[in-house]
Amino acid sequence: MRGTLNPEQHAAVEHGDGPLLVLAGAGTGKTRVLVHRIAHLVERGVAPWQILAVTFTNKAAGEMRERLSQLLGDGAERMWIGTFHATCARILRRWGERVGLRKGFLIFDDDDQLKLVNRLMKEAGVDEQVTPRTLLSRFDRAKNQGVDPASVKRGDFVDDFVAQIYPQYQAQLLRENAVDFNDLILHVLTLCKDDEAGPRLATQFRHVLVDEFQDTNRVQYELVRHLSSGTHNLTVVGDDDQSIYRWRGAEPRNILDFDRDHPNAAVIKLEQNYRSTGTILDAANAVISKNADRHGKSLWTDRGGGDLIEYKIAGDDRSEAWDVARAIKEMIDEGGSSPRDVAILYRTNAQSRPLEEQLRRYGLPYQVVGAVSFFERKEIKDAVAYLRLIANSAADSAFDRVVNEPPRGIGQTTIDRLRAHTSATGFALLETAKLAARGEVAGLQAAARKKLAGFVELVAGLGDVVQAGASVAETLIQVVERSGIRARYEAMDSEEGRDRLGNLSQLVNLAADYDDEAGEEGSLEGFLERTALTAPADEREQGDAIRMMTIHMAKGLEFPVVFLCGMEDGLFPSLRERDGVGEAEALEEERRLAYVAITRARDKLYLSWARVRRVWGKDSMQAPSRFLDDLPPACLAQPVRPAAPPRPVYTSAPAMAPRKAKREWDEYDQRSSSSDDEPVFHLDADVREPAADDPYRPGREVSHAAFGTGKVLEARGAGPTRSIVVEFASVGRKTVLARFLAPA
DNA sequence: GTCGTCCCGGGTTCC
DNA sequence: CCGGGACGAC
């Protein structure tokens, strides 16, 4: 095994003690190096539980654990392998009480946080143009850097609201015995300064290894530094070109300046790519080389050129999905490829739907990895909230969520009264509801008291179930049954109701898995921690299935065949404006994302985009991704250039223009309309709401070769027959096809 | 006071 | 397309 490593990899694996930085490009075998290094440490006598390996996704952690158990057997079980968040949760389980957390603390997810901020804003009467999202992202950004959000002044009107709401936000978390994702790490950092826990943590791990180090934020880096401060045995591996998490506070400086913080660090570069064909590597290098802010390294391969990159333009997102499904079907029918060789990557989770539909149609097995989180579905959140409330009576957020779910006659007014009482007494909502049921809360009618009593009794009864020793799965079944959730969805007697029940039964299955794995150690708290920190797709891999995932999820993985869908400007690169990040900087991150996507492919890469895409139920016209222009023409099986949509600019010869445009369209619209089950190009003559960046939205000035300039009144339809009603200065109102217009 | 219906608007990525 | 909020009906 060792013999198959090249000299650089070998040096990294066998590096002795002291800090080590491995700068490794895509596909240079860095995960392999990490795995072998850990195995090597164990061979040298380091005990498995003295090794901490941090990854960025649960998926990567799972993979690493699996590979290590192949090399080491049971020893791997006892290692600390996990994400920053999971690692910190584990440390806090042991030491949490020293930073003010009680046993069984809750972890707030995005949605929980948002709801809380929303409520606090309303209570404080904050109504100006600040959304809860904006405030929350300010909280996050500050916390990622290890500073108090309330003290950050960026000099805009949002500052005051942050300063006002944040202390209340944090106070409520404390009351509920809850933490948000950032707090998991911040609390451990506080622990590092603790007289007792600090020194222990500094020496607990004889070796600390961090994968994807370019994605660590300041707080995470400080944590790593402390955890390795007793031994200085810190190995970090990363690639600044693959930094794709700046939006959540990642600081690539951490990797670039590593040798400044660790002057005696050994630095090893891995530049030979073993993964991709020359063609794919050329394409990836061409894209990333357009970035100014990079260190620059020279990846090379001795693999041959390989197949050219396939490129396809579809009429709409359904056609795109159909093209992909058909290509995969052919590939598999020809033999040589199996579904598990193929990955479909996209920028946003929302893109998975049409793809799934077409794959199903062809009977192709697929697995959506880490998708639109299962745990974000309403029925799942509700059931989990019951569990939270049973496990932790202080969980106001959970109480709020389920007290009237399913509807049992406890409305806003009643809850407001309870809340008023809690702010006076400091009791939790559930506790207050108990008081109310006994008539000890003012202002509540007998009817409301009775209903609250019923709810309190429901929760108490479920608590008894747990006390009686029920497994998590059994508890969950009781929750769904006794709360009336099941009856409610059954009564709906609809597709939706059945879907939701199906999801709930899947949740019960996950709980049963947990019960099996955890055995005696299992607890409601343990299950809740797992639901907060993992997605179910992280857990079980389906055997022979096509993998579908976002590019972010795909980092660190590789596949023989990759389909990269939705290569459209605005989608990929995403051109959304963001709070606090410059446009150029944001674009560079998108470019790195493109680099990551392309380098996932070993042998064959397919790129595609759709001229019309349904977004939130509305059709919108798309333009090809600017990244396509960066690809060397020699890498592509089909040229990118002529595929650009017909230019609606005709400065001369107006009579010729329509014919030319027509021909261009037909020529390059690659759908064929022969087969029955093929999705047809979707056209709609309805008046549609134009997208904000639409050059033809009402009010815009446009020009027409024959009619001159005018103002848009209305836009209809989409695609090649999209028509625009224009009030022309010279000829009055006319309806013309969009492609004969240009922005004035 | 609570529940149902309609309308509006939406931050994409992950732990 | 989906959830939250506003508004009107028991």
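Let's start with the cysteines. The disulfide count here comes to 0. Keep in mind that this is a predicted model.

Why no bond at Cys88? A disulfide needs two cysteine sulfur atoms within 2.5 Å. The closest cysteine sulfur to that of Cys88 sits in Cys192, 8.5 Å away, so the gap is too far for a bond. Cys88 is also buried, at 0% relative accessible area.

Next, Cys565. Cys565 takes part in no disulfide either. The nearest cysteine sulfur belongs to Cys635, and the distance is 19 Å. Is Cys565 buried or exposed? Cys565 is buried, with a relative accessible area of 1%.

Now to the DNA, strand C. Which residues surround it? Lys115, Asn118, Lys122, Arg353 and Trp616. By character, that surface divides into 3 charged residues, 1 polar and 1 nonpolar. Where does the largest share come from? Helix α5, residues 110-123, supplies 3 residues of the surface near DNA strand C.

Two contacts to look at on screen. Take Lys122 to begin with. One of the polar side-chain atoms of Lys122 is 2.7 Å from a phosphate oxygen of DNA strand C. Then turn to Trp616. Here a backbone N or O atom lies 3.3 Å from a base nitrogen of DNA strand C. So we have a side-chain contact to phosphate at Lys122, and a backbone contact to a base at Trp616.

What about the strand's own side of the contact? Consider the atoms of DNA strand C within 4 Å of the protein. Sugar or phosphate accounts for 40% of them, and bases make up the rest.

Methods
Residues numbered from 1 in each chain as written. Chains lettered and ligands numbered in written order. Predicted model: local features only at pLDDT ≥ 70, side-chain atom pairs only at ≥ 80, totals over all residues. Heavy atoms only, no water. Near = heavy atom within 4 Å. Polar contact = N/O pair within 3.5 Å; in protein donor to acceptor, adjacent residues only side chain to side chain. Helix = DSSP H or I, 4+ residues; strand = E, 2+ residues; numbered from the N terminus. Nonpolar A, V, L, I, M, F, W, Y, C, P; charged D, E, K, R; others polar. Buried < 20%, exposed > 50% of the residue type's maximum accessible area, 1.4 Å probe, protein only.
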